[in-house]
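Subject: Handover of a structure, with findings

Dear colleague,

I am passing on to you the structure shown below, together with an account of what was found in it. Please keep the structure open beside this message as you read.

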Amino acid sequence: MLKSINGEVYDPANDIDGEVRDVCIENGRIADSVDGGRTIDAAGMVVMPGGVDMHAHIAGPKVNTARKMRPEDHRLDPVPRTAQTRSGVGKTVPSTFATGYRYAAMGYTTAFDAAVPPIAARHAHEEFSDIPVIDKGFFVLMGNNEYIMQQIAAGERERMRDYVAWLLEATKGYAVKMVNPGGVEMWKTLSNTHGLDEEVSGFGVTARQIVQSLAEASMDLHLPHPVHIHCNNLGIAGNWETTLETMKALDGRRGHMAHVQFHSYGGNPGDLFVSRVRELADYINNNPNITVDIGQILFGDTTSMTGDGPLGYLLHQVTGRKWVNVDVENEAGCGIVPIEYKDKSHMHTTQWAVGLEWYLMVRDPWRIALSTDHPNGASFVAYPQVIRLLMDREYRRETLKKVNQKAIAKTLLPDLDREYSLYEIAIITRAAPARILGLKHKGHLGIGADADVTIYNKCDDQEEMFSVPRYVIKEGEILVEDGSICRETFGRTLYVSPLYDTAVEKNIREYFKKYYTIEFENYPVQLEHYLPRPCEIPTARDS
Ligand SMILES: [Zn+2]
């Protein structure tokens, strides 16, 4: 039992905006009242639900390949062992232990990996069981899955839907993800798709059909999170039109647009980027079926890692830096390239401004999640810097003076005066991502919610405030004090288990025999071996 008293509580899902009140915890959940137990006097402090990161890259083969590829990165940031925690490395691709500790030390208690190839689900779960403190889950890559494309081309809508459900069940994944739909498959023959209506060669389908079919399947299966879309043409001048077309292609169906910053550029391919956030934000403001996370970039060195193989190649060409490409049989691919964002660069300044424009131009914070697309735009540990840029107009103005002036003059950022309140920050860092993910017990402090609570010392410098919480409570236990882990626990893995007609398995089995290097029977992740720690199907819990 635990009680926080006298704290200034920000719990937007329950309309609580800075009211001084108590938060009571019993058996790992928020309770109405408690007798006994420890009491935290949070007078002068800010109390929020634990942070929820809905789009990051923290586990699986792509992340691990990036770790192997960047020894120079690890050397800069060793994480020594303490009495409570294990050693590791940090920087842009932290080791498993460091990933959990650093999220927790920053007040985040839940994080999702946004791109795991189904065949690598085992690897991702093995890493998850090594990531301490936080609850986690992953999205399953399906936008270049050969079986799915074949079913779409054959008009086998129900079979495709059942396969999607089977795949989520087999991988113990949480949601349907697509990355450059059709384009990653085309890249395997050294090509790419450039628009929604270009045919994926050898399959007779288009990106538009893939987007619509997977959006529909996610809705038909009543998945808690709608289809999660990384559009075609990421990082290409002029790509805003593809992004707008993709949003329109959803045609009222629910969809989440990932790291929209990277998809909002005007100009002709090969030109310098110009911002087209105004047009896209207008569309979002008028179409409540769509949510976004931003993928903010911050200046400095990081690692780009993406399921978008052709994009990895493009970045390698632009930066001249080392890179890795991996094609995943029948399913997906990836590219990894180190990258440094420079404040004197015209292109990087534009990207930085585009991200901030997104935060400041979408009217409804409930449809935005704060993200840097960790580590693509920056490490997740930079979230407090993003928060300060949103909350402190003066700080933003000072920062504007240091970036490429020609680039910034072409953006709308210097004219945007909006400042986020603590209430709005609580929305975009916990309440909204939890709601967008369909996590009914997270992102709020109502009775019965998971007792994941972060308590911050109030401070005028929001970057400092959000970097080092005074207390972080996970499932009712104080695990972090003054930014240091005082006890190591392991959170839960979250996955879905949608209903489907098992008749589809006969067809999938035949497909495996013909095309996979792995037997059908060996493909599904066995719960007892790969998820030995607590796991949960969040939609099944009803209190
Ligand atoms: Zn991503």
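The findings are set out below by topic.

Please bear in mind from the start that this is a predicted model.

The zinc site

The zinc ion has three residues as its protein donors, H55 and H57, each through NE2, and D373 through OD, lying 2.1 Å from the ion. Along the sequence these donor residues follow the spacing H-x1-H-x315-D. H57 belongs to the loop between β6 (51–56) and α1 (61–69), while D373 belongs to the loop between β22 and α13 (383–391), so this pair ties together parts that are 316 residues apart in sequence. H57 is buried, its relative accessible area being 4%. D373 is likewise buried, with a value of 3%.

The nonpolar cores

In soluble globular proteins, nonpolar side chains tend to be buried together. The largest nonpolar core here has 137 residues, and the members that touch the most others are Y103, V164, L214, W352, W358 and Y359. Helix α16, which covers residues 422–437, contributes the most to this core, giving 11 residues. Another core lies apart from it and has 18 residues, including I40, A42, M45 and I478. To see one member of the largest core in its surroundings, consider V164: beyond its neighbours within four places in sequence, V164 is in contact with M142, I148, V176, L214, A217 and L221.

Strand β18 and its partners

In a regular strand the side chains alternate between the two faces of the sheet. Are the two faces of strand β18 (residues 290–293) covered or open? Both are covered, for I290 and V292 on one side are buried, and T291 and D293 on the other side are buried too. Strand β18 pairs with β15 (residues 255–257) in the parallel sense over 3 bridges, and H256 stands opposite T291. Strand β18 also runs parallel to β22 (residues 368–369), to which 2 bridges join it; there, D293 stands opposite A369.

Helix α9

Helix α9 spans residues 240–249, and 7 of its 10 residues are buried, so the helix is largely enclosed by the rest of the structure. The buried residues are W240, T242, T243, L244, T246, M247 and A249. They pack against the helices α8 (207–220) and α10 (277–286), and against the strands β14 (227–230), β15, β16 (265–266) and β18. Just after this helix, D251 takes a positive phi of about 50°.

The largest pocket and helix α12

How much space lies in the largest pocket? The volume is about 570 Å³. The pocket is lined by 35 residues, of which G235, L315, V318, I339 and M347 are the closest to its centre. At least two lining residues come from each of β11 (175–179), β19 (300–306), α11 (309–319), β21 (332–341) and α12 (346–361). Among the contributors, α11 gives the most, with 5 residues.

Helix α12 also holds Q351. This residue is buried, with a relative accessible area of 6%. Leaving aside neighbours within four places in sequence, Q351 is in contact with Q261, F262, Y265, F273, I297 and Y341.

Yours sincerely,
A colleague

Definitions and conventions
Residues are numbered from 1 along each chain as its sequence is written. This is a predicted model: local features need pLDDT of at least 70, side-chain atom pairs count only at pLDDT 80 or more; totals for chains, interfaces and linings use all residues. Side-chain values use heavy atoms; hydrogens and water are left out. A nonpolar core is a set of buried Ala, Val, Leu, Ile, Met, Phe, Trp, Tyr and Cys residues joined through side-chain atoms within 4.5 Å. Buried means under 20% relative accessible area, exposed over 50%, partly exposed in between (1.4 Å probe, protein chains only). Helices (H or I, at least four residues) and strands (E, at least two) are DSSP runs, numbered from the N terminus. Contact means heavy atoms within 4.5 Å. Two strands pair if DSSP finds at least two bridges between them. Donors are N, O and S atoms within 2.8 Å of the metal (3.2 Å for Na, K and Ca); water is not among the atoms, so sites may look incomplete. On a 1 Å grid over the protein atoms alone, a cavity is a set of points where a 1.4 Å probe fits but cannot get out, and a pocket is an open set with protein on both sides within 12 Å along at least five of seven lines; lining residues have an atom within 4 Å of a point. Grid points are joined across faces, edges and corners, and a volume is the space filled by probe spheres set on the points.
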